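This report introduces a structure to a reader who has not met it before. Please keep the sequence and the three-dimensional view at hand while reading.

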Amino acid sequence: MSKTIYILNGPNLNLLGKREPEIYGSDTLEDVEALCATEAALHDLDVVFAQSNHEGEIIDLIHEAREKAAGIVINPAAYTHTSVAILDALNTFEGPVIEVHISQVHKREAFRHHSYVSMRADAVMAGFGVNGYRLAVAQMGHLLG
Ligand code: DQA
(Lines give C-alpha, C1' and ligand atoms only; values in the text may rest on other atoms or scores of the structure.)
Protein backbone atom coordinates (compact mmCIF):
# COMPACT_ATOMS: atom_id res chain seq x y z
CA MET A 1 0.00 0.00 0.00
CA SER A 2 1.36 3.40 -0.90
CA LYS A 3 2.29 5.84 1.86
CA THR A 4 1.32 9.50 1.98
CA ILE A 5 3.71 12.39 2.48
CA TYR A 6 2.74 15.98 3.22
CA ILE A 7 4.65 18.71 1.36
CA LEU A 8 4.04 21.99 3.17
CA ASN A 9 4.97 25.49 2.05
CA GLY A 10 5.04 28.66 4.11
CA PRO A 11 4.36 32.34 3.47
CA ASN A 12 4.95 34.05 0.14
CA LEU A 13 5.69 30.79 -1.67
CA ASN A 14 2.34 31.20 -3.45
CA LEU A 15 4.18 33.94 -5.39
CA LEU A 16 6.99 31.63 -6.51
CA GLY A 17 7.99 32.48 -10.08
CA LYS A 18 7.00 36.13 -9.61
CA ARG A 19 8.72 36.77 -6.29
CA GLU A 20 12.43 37.78 -6.46
CA PRO A 21 13.10 35.42 -9.40
CA GLU A 22 16.83 36.21 -9.19
CA ILE A 23 16.80 34.37 -5.83
CA TYR A 24 13.99 31.84 -6.17
CA GLY A 25 13.90 31.22 -9.95
CA SER A 26 11.04 31.31 -12.43
CA ASP A 27 9.21 28.06 -11.62
CA THR A 28 5.81 28.51 -9.98
CA LEU A 29 4.49 26.59 -6.98
CA GLU A 30 2.27 24.66 -9.42
CA ASP A 31 5.46 23.61 -11.25
CA VAL A 32 6.93 22.47 -7.92
CA GLU A 33 3.78 20.48 -7.15
CA ALA A 34 4.02 18.75 -10.54
CA LEU A 35 7.73 18.02 -9.99
CA CYS A 36 6.94 16.48 -6.59
CA ALA A 37 4.06 14.40 -7.99
CA THR A 38 6.31 12.97 -10.73
CA GLU A 39 9.05 12.05 -8.26
CA ALA A 40 6.58 10.69 -5.67
CA ALA A 41 5.04 8.35 -8.28
CA LEU A 42 8.49 6.80 -8.85
CA HIS A 43 8.59 5.89 -5.14
CA ASP A 44 4.95 4.83 -4.82
CA LEU A 45 4.19 7.79 -2.54
CA ASP A 46 0.95 9.79 -2.46
CA VAL A 47 1.34 13.52 -1.93
CA VAL A 48 -0.73 16.12 -0.12
CA PHE A 49 0.72 19.45 -1.28
CA ALA A 50 -0.26 22.65 0.52
CA GLN A 51 0.78 26.27 0.99
CA SER A 52 -0.31 28.80 3.59
CA ASN A 53 0.61 32.34 4.50
CA HIS A 54 -0.64 31.72 8.06
CA GLU A 55 1.40 30.12 10.83
CA GLY A 56 -1.65 28.54 12.54
CA GLU A 57 -2.80 26.93 9.29
CA ILE A 58 0.63 25.35 8.83
CA ILE A 59 0.42 24.02 12.39
CA ASP A 60 -3.06 22.60 11.67
CA LEU A 61 -1.67 20.86 8.56
CA ILE A 62 1.15 19.34 10.63
CA HIS A 63 -1.46 18.07 13.13
CA GLU A 64 -3.43 16.57 10.22
CA ALA A 65 -0.21 14.94 8.98
CA ARG A 66 0.13 13.21 12.38
CA GLU A 67 -2.92 11.13 11.44
CA LYS A 68 -2.47 10.84 7.68
CA ALA A 69 1.20 11.06 6.70
CA ALA A 70 4.27 8.87 6.95
CA GLY A 71 6.62 11.83 6.36
CA ILE A 72 6.70 15.61 6.00
CA VAL A 73 8.69 17.75 3.55
CA ILE A 74 8.44 21.38 4.64
CA ASN A 75 9.65 24.71 3.33
CA PRO A 76 8.54 26.92 6.22
CA ALA A 77 9.82 30.02 4.36
CA ALA A 78 10.26 32.97 6.77
CA TYR A 79 8.71 31.00 9.65
CA THR A 80 11.87 28.86 9.54
CA HIS A 81 13.67 31.64 11.35
CA THR A 82 10.95 32.70 13.79
CA SER A 83 8.51 29.94 14.64
CA VAL A 84 8.91 27.96 17.84
CA ALA A 85 5.25 26.96 17.34
CA ILE A 86 6.01 25.18 14.03
CA LEU A 87 9.00 23.47 15.68
CA ASP A 88 6.75 22.33 18.54
CA ALA A 89 4.17 21.01 16.05
CA LEU A 90 6.84 19.10 14.11
CA ASN A 91 8.08 17.63 17.40
CA THR A 92 4.66 15.95 17.78
CA PHE A 93 5.12 14.19 14.42
CA GLU A 94 6.69 10.73 14.55
CA GLY A 95 7.90 10.17 10.97
CA PRO A 96 10.80 11.70 9.04
CA VAL A 97 10.85 15.46 8.41
CA ILE A 98 12.89 17.04 5.61
CA GLU A 99 13.37 20.83 5.54
CA VAL A 100 13.73 22.45 2.12
CA HIS A 101 14.94 25.91 1.13
CA ILE A 102 15.11 26.90 -2.49
CA SER A 103 17.89 29.41 -1.83
CA GLN A 104 21.18 28.80 -0.04
CA VAL A 105 20.10 30.48 3.18
CA HIS A 106 23.59 30.36 4.71
CA LYS A 107 24.92 32.61 1.94
CA ARG A 108 22.25 35.23 2.68
CA GLU A 109 21.45 37.60 5.56
CA ALA A 110 22.51 36.48 9.06
CA PHE A 111 18.87 36.26 10.23
CA ARG A 112 18.35 33.42 7.72
CA HIS A 113 21.21 31.35 9.17
CA HIS A 114 19.23 30.10 12.15
CA SER A 115 16.40 27.62 11.67
CA TYR A 116 14.12 26.46 14.49
CA VAL A 117 12.87 23.71 12.15
CA SER A 118 16.40 22.30 11.73
CA MET A 119 16.28 21.31 15.42
CA ARG A 120 13.70 18.68 14.33
CA ALA A 121 14.49 18.03 10.67
CA ASP A 122 16.17 14.75 9.78
CA ALA A 123 17.68 16.33 6.65
CA VAL A 124 17.97 19.84 5.23
CA MET A 125 18.15 20.89 1.56
CA ALA A 126 19.28 24.43 0.79
CA GLY A 127 20.45 26.02 -2.43
CA PHE A 128 19.32 23.33 -4.88
CA GLY A 129 16.60 25.56 -6.27
CA VAL A 130 13.23 23.87 -6.71
CA ASN A 131 15.12 20.64 -7.45
CA GLY A 132 15.60 20.45 -3.67
CA TYR A 133 11.96 19.41 -3.40
CA ARG A 134 12.50 16.57 -5.88
CA LEU A 135 15.59 15.41 -3.97
CA ALA A 136 13.66 15.58 -0.68
CA VAL A 137 10.84 13.45 -2.10
CA ALA A 138 13.39 10.92 -3.41
CA GLN A 139 14.97 10.77 0.06
CA MET A 140 11.50 10.24 1.58
CA GLY A 141 11.06 7.32 -0.83
CA HIS A 142 14.36 5.91 0.43
CA LEU A 143 13.49 6.45 4.11
CA LEU A 144 9.94 5.08 3.85
CA GLY A 145 10.61 2.35 1.29
C1 DQA B 1 13.20 30.20 1.80
C2 DQA B 1 14.27 30.99 2.54
C3 DQA B 1 13.68 31.84 3.64
O4 DQA B 1 14.71 32.56 4.33
C5 DQA B 1 12.72 32.84 3.04
O6 DQA B 1 12.10 33.60 4.07
C7 DQA B 1 11.71 32.22 2.15
C8 DQA B 1 12.09 31.11 1.28
C9 DQA B 1 13.75 29.42 0.59
O10 DQA B 1 13.04 28.57 0.09
O11 DQA B 1 14.87 29.69 0.15
O12 DQA B 1 10.57 32.68 2.07
O13 DQA B 1 12.64 29.25 2.71
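Does Ala77 count as buried or exposed? The answer is given under the first heading, and the other residues of interest follow in turn.

## Ala77 and its backbone

The structure discussed here is a predicted model. Ala77 counts as buried, because its relative accessibility is 10% and the cut-off for a buried residue is under 20%. The residue lies in the loop that connects β3 (71-75) with α4 (84-90).

The backbone of Ala77 also deserves attention: its phi is positive, at about 50 degrees, although the residue is not a glycine. Ala77 is, in addition, one of the residues around the ligand, which leads to the next topic.

## The ligand and its surroundings

The ligand sits in the largest cavity. The residues around the ligand are Arg19, Tyr24, Asn75, Ala77, Ala78, His81, His101, Ile102, Ser103, Val105 and Arg112. Sorted by class, this shell holds 5 nonpolar, 4 polar and 2 charged residues.

Several distances describe how oxygen atoms of the ligand are placed relative to the protein. For Ser103, an N or O atom of the side chain is 2.6 Å from a ligand oxygen. For His81, an N or O atom of the side chain is 2.7 Å from an oxygen atom of the ligand. At Ala78 the partner belongs to the backbone instead: a polar backbone atom there is 3.2 Å from an oxygen atom of the ligand. Taken alone, the ligand exposes 320 Å², and the protein buries 99% of that area.

## A second positive phi

Asp44 likewise is not a glycine, yet it has a positive phi, of about 60 degrees. Its place is in the loop between α2 (29-42) and β2.

## The loop between β4 and β5

Which residues are found in the loop between β4 (97-101) and β5 (123-126)? Ser115 is one of them, and Gln104 is also located in the loop between β4 and β5. Ser115 counts as buried, because its relative accessibility of 11% falls under the 20% limit. Gln104 is partly exposed, with a relative accessible area of 33%.

The side chain of Ser115 has two partners to consider here. With the side chain of Glu99 it forms a polar contact of 2.8 Å. The side chain of Ser115 also reaches the backbone nitrogen of Ser118, at 2.9 Å. For Gln104, a separation across the chain can be given: its C-alpha atom and that of Gln51 are 21 Å apart, with their positions 53 residues apart along the chain.

## Helix α3 and the loop before it

His54 is found in the loop between β2 (45-51) and α3 (55-68), whereas Glu57 belongs to helix α3 itself. The relative accessible area of His54 is 48%, so this residue is partly exposed. Glu57, at 43% relative accessibility, also counts as partly exposed; values from 20% to 50% receive that description.

The side chain of Glu57 makes a polar contact of 2.7 Å with the side chain of Ser52. The C-alpha atoms of Glu57 and Gly10 are separated by 9.6 Å, while the two residues are 47 residues apart along the chain. For His54 and Val130, the C-alpha atoms are 22 Å apart in space, and the sequence separation is 76 residues.

## Cys36 in helix α2

How is Cys36, a residue of helix α2, classed by its accessible area? Cys36 is buried, because its relative accessible area is 0%. Its C-alpha atom is 8.7 Å from that of Phe49, a residue 13 positions away in sequence.

Note on methods: Residues are numbered from 1 along each chain as its sequence is written. This is a predicted model: local features need pLDDT of at least 70, side-chain atom pairs count only at pLDDT 80 or more; totals for chains, interfaces and linings use all residues. Side-chain values use heavy atoms; hydrogens and water are left out. A residue is near a molecule or strand if one of its heavy atoms lies within 4 Å of it. A polar contact is a pair of N or O atoms within 3.5 Å; within protein, one must be able to donate a hydrogen and the other to accept it, and residues adjacent in sequence count only if both atoms are side-chain atoms. Accessible areas come from the Shrake-Rupley method with a 1.4 Å probe; for residues, only the protein chains shown count as cover. On a 1 Å grid over the protein atoms alone, a cavity is a set of points where a 1.4 Å probe fits but cannot get out, and a pocket is an open set with protein on both sides within 12 Å along at least five of seven lines; lining residues have an atom within 4 Å of a point. A molecule sits in a cavity or pocket if more than half of its atoms lie within 2 Å of its grid points. Ala, Val, Leu, Ile, Met, Phe, Trp, Tyr, Cys and Pro count as nonpolar, Asp, Glu, Lys and Arg as charged, and the others, Gly among them, as polar. Helices (H or I, at least four residues) and strands (E, at least two) are DSSP runs, numbered from the N terminus. Buried means under 20% relative accessible area, exposed over 50%, partly exposed in between (1.4 Å probe, protein chains only).
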